[in-house]
Amino acid sequence: MKTVLLLDDARSIRSVYAEVIRQAGFEAQTVASAEEGLQYMVDHGIPDLIVTDIDMPGISGLEFCSRVRQVAKHTPIIVMSALAGKGLVTEAKLLGVQGWMLKPVQPEYFLNKLKSVLGETQALSS
C-alpha cells in the first residue's frame with residue numbers, strides 16, 4: 001500500500017484529507033509541522049508521496065521541500081496551500097514540486113491529483 005505523508009498545521013485539514021487518502025486505498029500519515037515531517041521520515045522512511053502546506057510555524061513548507069530534496073530527490077511532492085504567489089510557485093517548481101493546489105481543495109480534485117502523481121490512473125486506463 002502506498003503511503004502519503006500530509007503536513008498541515010490545521011488539524012481539520014489533516015483530518016479531512018487523511019480520510020480522503022484512506023478511502024482511496026492509500027495509507028495516510030499526518031503531521032502538524034515540517035519538523036514532525038522530517039522526523040517521520042527519519043523514523044519510518046520516505047513516503048510514496050508528500051502533500052505539504054507552505055505557511056506553517058517553524059520551518060516553512062518550501063524549506064521542508066528543500067530538505068526533503070537532499071535525501072529524496074525523486075519523491076513526489078504536492079503543495080496544498082492558501083498561498084499561491086508567483087515567487088512561491090516558481091521556487092516550488094525549482095525544488096521539483098509536482099503540483100500546487102490552492103485551498104480550499106475539493107476532495108475529488110485532491111484525490112484525482114494524488115492518483116495522477118502516484119500513477120494510479122494509468123492502471124485504470126490501460
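This is a short tour of the model, stop by stop, with something to select at each one.

Before you start clicking, note that the model is predicted, so local features need pLDDT of at least 70, side-chain atom pairs count only at pLDDT 80 or more, and totals for chains, interfaces and linings use all residues. Residues are numbered from 1 along each chain as its sequence is written, and side-chain values use heavy atoms, with hydrogens and water left out.

**The whole chain**

Show the protein chain as a cartoon. You should find six helices and five strands; helices (H or I, at least four residues) and strands (E, at least two) are DSSP runs, numbered from the N terminus. Reading from the N terminus, the order is β-α-β-α-β-α-β-α-β-α-α. The radius of gyration, taken over C-alpha atoms, is 13 Å, close to the 14 Å that the globule rule gives for 126 residues, so the chain is as compact as a globular protein of that length. That rule is 2.2 Å times the number of residues to the power 0.38. Along its principal axes, the C-alpha trace spans about 40 × 35 × 30 Å.

Now switch on the surface. Its accessible area is about 6700 Å², with 51% belonging to carbon and sulfur atoms (Shrake-Rupley method, 1.4 Å probe; for residues, only the protein chains shown count as cover). Of the 126 residues, 43% count as buried, where buried means under 20% relative accessible area, exposed over 50%, and partly exposed in between (1.4 Å probe, protein chains only).

**Strand 3**

Select residues 49-52, which form strand 3. Leu49 and Val51 point one way, Ile50 and Thr52 the other, and all are buried. In a regular strand the side chains alternate between the two faces of the sheet.

Add residues 3-7, strand 1, which pairs with strand 3 in the parallel sense over four bridges; strands pair if DSSP finds at least two bridges between them. Look for leucine 7 opposite threonine 52. Then add residues 77-81, strand 4, which runs parallel to strand 3 and is joined to it by three bridges. Here isoleucine 50 has isoleucine 77 as its bridge partner. Follow the chain from strand 3 through helix 3 to strand 4 and you trace a right-handed β-α-β crossover: with the strands pointing away from the viewer, the path from the first strand over the helix to the second runs clockwise.

**Strand 4 and on to strand 5**

Keep strand 4 selected. Five of its five residues are buried, so this strand is largely enclosed by the rest of the structure. Ile77, Val79 and Ser81 point one way, with Ile78 and Met80 pointing the other. Bring in residues 99-102, strand 5; strands 4 and 5 pair in the parallel sense over four bridges. Helix 4 (residues 86-94) completes another right-handed β-α-β unit with these two strands.

**Serine 81**

Zoom in on serine 81, in strand 4. Is serine 81 buried or exposed? At 1% relative accessibility, serine 81 counts as buried. Leucine 102 of strand 5 stands opposite. Leaving out residues up to four places away in sequence, serine 81 touches Asp53, Ile54, Trp100, Met101, Leu102 and Lys103, a contact being heavy atoms within 4.5 Å. The serine 81 side chain also reaches the backbone nitrogen of leucine 83 at 2.9 Å.

**Aspartate 53 and its partner**

Hop over to aspartate 53, in the loop between strand 3 and helix 3 (61-71). Aspartate 53 is buried too, with a relative accessible area of 5%. Beyond neighbours within four places in sequence, its contacts are Leu7, Asp8, Asp9, Gly61, Met80, Ser81 and Lys103. Draw a distance to lysine 103: the two side chains make a polar contact of 3.3 Å (N or O atoms within 3.5 Å; within protein, one must be able to donate a hydrogen and the other to accept it, and residues adjacent in sequence count only if both atoms are side-chain atoms).

**Last stop: proline 104**

From lysine 103, step along to proline 104. The peptide bond between them is cis, with omega near 0 degrees. Proline 104 sits in the loop between strand 5 and helix 5 (107-118).
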